[in-house]
Structure formats: structure tokens, C-alpha cells
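Work through the exercises below with the sequence and the 3D view open. Try each task before you read its solution.

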Amino acid sequence: MLLAAAPNAQEFPATNVSEDGRYGVMTVGPPDTNGFDVFPAEQPGAPRRTLVEPANGPVRYVANTGSRFFFRVNAGSPNGRIIEVDAADPQHHARTIVAERTDALVGASLIRDRFYLNYLHDVHNVLEVADAGGRRIGTIALPGIGTATVPVGDAGDDVAYYTYESFTEPRSTYRYELATGRSTLAFRDPTPFDGAPFVTEQLFATSKDGTRIPVFVTHRRDVRYDGSTPTILWGYAGYGDLWTLTPGFGWTTAVWLQMGGAYAVVNARGGGEYGDGWHRAGMLEHKQHGFDDVIAAAELLIARKITSPSKLALTGASLGGLMVGAVVTQRPDLFGAALPNAAVLDMLRFQKFDFGAGMSTETGSSDQSEAMFRVLYAYSPLHNVRAGTRYPAMLITTGDHDDRVLPAHSYKFAAALQQAQGGDAPILLRVTENAGHDYAAAGTAGERLADRYAFLVKALHFTPSF
């Protein structure tokens, strides 16, 4: 077993062994600015050698060939590139193998003498093949616009495997022949869902500052564009490539679609959809950009008559719950319902409790400076509830043992809204006993979903189609 101590509580070290068994490979530093150390795998007590400094993060290990290590990095290239660092070189000079491109590089593998590269093009994956020198030599055709993983396989294999999914297609595994480039279905998820009656559109909203914002909308092929379709709008707007919202299948979404609703995902700034630059444009003092993007997406759905304000629900969890709280306090007129789950809602004091301090690298905190205090105060959901405002119906949910986001965020927000509500829409608080941030101890997933959808059926005046 390979063990190493974390320098401080904000770091998340992880150690693995290189495929050839020669090296221990260890991440060092926080996830958004990590670096990499190596040491002889058979000598876990040996001194570590730093190949990539944390200041050059975020860094992702790709592979190694002997002492030559390959990493995916964003330093100096927000959309990502592949570098090579030789552990045998005392200076550990980095050499670019795959240069940065317009599309974000979100995954890479090395099998034999070829790199397999996973790019994001307008928030869907494109798989490419490059030779050992990083020159593009081909592509891997995917079934459609969706989400794919980079092909993986052992160095001596003749085949590799990758997965593919979309909003209407459950994740399936494909077998890829390295010699011929041929893909065949190896395993299909047995989820009993027929995606044929549904279609996904990719739209683009224009945000407040003119930025083009992708929005995926999935609905029945025979939908009426008259504003009558109950629609869920979901987003996150944070943590860069850790939360890149590409098309993905979920059984909860499948149920909503079968009920006759539409499901929309907004790729707001703060995520990793267009590389590290997209992330940084929606973090710290720029956090409001992400909220503006969500507002623009809601306005687009209404303008296109896919839905209307009384039929539109905004949902999100954790940092996505912050998005819900901020957007709905800024533009309550756009929504018929809002469902913030395990949400960060008091932006002036979040850092004082539980994991809150760890989130400050993404949002900043009121302790940092007067300027950051003013930024946070301007959008903090709890501090922007206004008496007499007609707020949409809200179901605010939390677990009473959530140690990631203190449940008091939800308690205070619900109380403030109930006191301020100037309309007749209900403001409800649902607290699940013995449940944490992910509701692991909250009973069956079906019961929780039934509560949420029953609330939406009532709030959006929705008659399900089954």
C-alpha cells in the first residue's frame, strides 16, 4: 500500500501505480491546482520527485512509457494540451506533444503508440486519434451528439473500450479495434426506455454581456410550441471540468419525459464546457455571469414557446442550488416553481461551517476583502429576499446530517421566503432525517422523486400523460 500525508486539510492527495509497475504517481495540491509527484513503486519511503508543480494545475495523469510521463494540463492553455516530462531528466523539462485547440481537451489515453483524445465541441464529445508525436490521424465515429469516454485499454491489447450516452440513450459500451478503427456494441444498458419518441435540440441563448450560452432541450417529437409544456431547467455553474454538463441519461429525466414534460440543461459559465476560461469566467468575482446565463436560458425557452413562466421549474443541487437561489431571487417572474436541493444560500457565512471553507476557492468568501464581501452580498440568496415579492412555488430540500452544506442554509432561506412571500404560491421545506449531502440514508430514491414530481405537477398545473 502506498501512503502519503496531506500537507493540509484543503488538499486531496491520491496515489496510483503506473501501468508498468515502476512508479508511484501521486497528485499533490487542491483539485483545481494540483500537480504530480513520482517515486519508485517498490520504495514507498523514497523521496518524491515533482514532475509538474501544483501552480501548473489542474493536471491529469495520462500515461507513461518508461520514465516518460504524459499529462493533460491547462496552465498556459485553458483548453488543455498534452505535455511530456521525463522523470530521468533532472530538470524535468516539459515538452508539448498535443497542442491546445479551440475545443477543450477533456480526456486522453495512450495505447501502444497512439493517443486517443476526447474533445468537447459545443458541449458534446468528439473522439480523435493521434500518433506518438501528437499529429491527428483519424477520428472515432459516435452514434450521435452525446457524451463519450476516451478509449482505454492495456498496452498489449488489440482492442480498447469506450462508452457513449445521450439524454435519450442509456450508457452503452463499445469495443474499438485498434488495427481497423472499427467500433461494435459490446454492452447496452438494460434500462427499459424507448428514446425514439423524443428528440434533443441544442439551442444557444445570448447572455447579458453578449456571450453565447448552450442550452440542451429534450422533449417529445410532437411537442406543441405554444408555451404549454411543463419544463425543468437544470444547471450547476461551477467547478470547471469537474462539472461539465454534457448530454447524459438519467432515469429521473426519463420519467419526466414519459410524463410529457420537457427537460433542459443550461451550460452556464463556471463549468468546464469550453475549457478553463469558461470556468474562470463564472467563478469568484465573476460568479454573476453564470446566473445571467441561466436567466438567458430561461428567457430563450419562453421566447421559443417551448414553455412559459408558469410552466417552468428551475432545479439544482449544492452549488447548483446556489444558482437556483440566486436566479430565483433576481428573476422570480421567470418561473412557476423552484427546487434548490442541499443548497448554499448564505454567502456571507458559508465558510464558517463544515466544508464551506473549501468552497471559497470557487466563490471567494466574505472574510477575504471588502470587495469580495460586496460581490457575495449582491447575489447571496438569503440576503436578497425582498418582502412583498411574488415568489414562485418552492420546494427547498436538505438532509439533517449534511456535512457538506449546513442544513441551516435551507432552514433560513425557507423562513425568509415564507415571511416575505407576496403571492399565494407555497414555500415548502423538506428535511430528510438521517440523510447527508447525497441523501444516502433518505429511503428509496423513488419516494424522493415522487415527492418532487408531485410538487411540480401541482405547482406547474401539469396533467401527466400516463
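The model is predicted.

**Exercise 1. Trace an open sheet.**
Find the order of the four strands in the open sheet, and say which strands stand at the edges.

*Solution.*
Step 1. Read the order across the sheet: β5-β6-β7-β8. The pairing is antiparallel.
Step 2. Look at the ends of that order. β5 (59–65) and β8 (94–98) each have a single partner strand, so one side of each is left without a neighbour in the sheet. These two are the edge strands.
Step 3. Check the twist. On average, neighbouring strands here are turned by 30° against each other, with direction ignored.
Step 4. Zoom in on one pair. Strand β7, residues 81–86, is joined to β8 by four bridges. Ile82 has Val98 of β8 as its bridge partner.

**Exercise 2. Compare two hairpins.**
In the hairpin of β9 and β10, and in that of β11 and β12, find which residue takes a positive phi.

*Solution.*
Step 1. Start with β9 (residues 104–111) and β10 (residues 114–121). Seven bridges join them, and they run antiparallel. Leu105 is bridged to Tyr119 in β10.
Step 2. Go to the turn. Two residues lie between the strands, and Arg112 takes a positive phi near 55°.
Step 3. Ask how covered β9 is. Seven of its eight residues are buried.
Step 4. Move to β11 (residues 124–131) and β12 (residues 136–140). Four bridges join this antiparallel pair. Ala130 has Arg136 as its bridge partner in β12.
Step 5. Inspect the second turn. Four residues lie between these strands, and Gly134 takes a positive phi near 90°.

**Exercise 3. Judge two positive phi values.**
Val123 and His461 have positive phi without being glycine. Decide for each whether the residue is buried or exposed.

*Solution.*
Step 1. Place Val123. This residue sits in the loop between β10 and β11, and its phi is near 70°.
Step 2. Apply the cut-off: buried means under 20% relative accessible area. Val123 has 0%, so it is buried.
Step 3. Place His461. The segment after α8 holds this residue, and its phi is near 50°.
Step 4. Apply the other cut-off: exposed means over 50%. His461 reaches 63% relative accessibility, so it counts as exposed.

**Exercise 4. Describe the packing of α3 and α4.**
Work out at what angle helix α3 and helix α4 cross, and which residues meet.

*Solution.*
Step 1. Fit the axes. Helix α3 (residues 287–303) and helix α4 (residues 319–330) have axes that come within 10 Å and cross at roughly 70°.
Step 2. Classify the angle. The range 65 to 115 degrees counts as roughly perpendicular, so α3 is roughly perpendicular to α4.
Step 3. Assign the hand. The crossing of α3 and α4 is right-handed.
Step 4. List the contact. From α3 come Lys287, Gln288, Phe291, Val294 and Ile295. From α4 come Leu319, Leu322, Met323, Ala326, Val327 and Gln330.
Step 5. Sort the residues. The contact of α3 with α4 holds eight nonpolar, two polar and one charged.

**Exercise 5. Do the same for α1 and α8.**
Find the crossing angle of helix α1 and helix α8, and how the contact residues divide.

*Solution.*
Step 1. Helix α1 covers residues 251–259 and helix α8 residues 445–459. Their axes come within 12 Å and cross at roughly 40°.
Step 2. The crossing is right-handed.
Step 3. α1 contributes Trp251, Thr252, Thr253, Val255, Trp256 and Met259. α8 contributes Ala445, Gly446, Leu449, Tyr453, Leu456 and Val457.
Step 4. The residues divide into nine nonpolar, three polar and no charged.

**Exercise 6. Set two threonines side by side.**
Find the surroundings of Thr363 and Thr191, leaving aside neighbours within four places in sequence.

*Solution.*
Step 1. Thr363 belongs to helix α5 (residues 356–363). Its relative accessibility is 0%, so it counts as buried.
Step 2. Its contacts are Leu284, Leu319, Met347, Phe350, Met372, Leu376 and Tyr379.
Step 3. Thr191 lies in the loop between β16 (183–188) and β17 (198–206). At 29% relative accessible area, Thr191 is partly exposed.
Step 4. Thr191 contacts Pro170 and Phe249.

Definitions and conventions. Residues numbered from 1 in each chain as written. Predicted model: local features only at pLDDT ≥ 70, side-chain atom pairs only at ≥ 80, totals over all residues. Heavy atoms only, no water. Pairing = 2+ DSSP bridges. Axes fitted to C-alpha atoms, helices over the stretch in contact; angles between N-to-C directions. Parallel < 35°, antiparallel > 145°, perpendicular 65-115°, else oblique. Left-handed = near helix turned anticlockwise from the far one by under 90°. Contact = heavy atoms within 4.5 Å. Nonpolar A, V, L, I, M, F, W, Y, C, P; charged D, E, K, R; others polar. Buried < 20%, exposed > 50% of the residue type's maximum accessible area, 1.4 Å probe, protein only.
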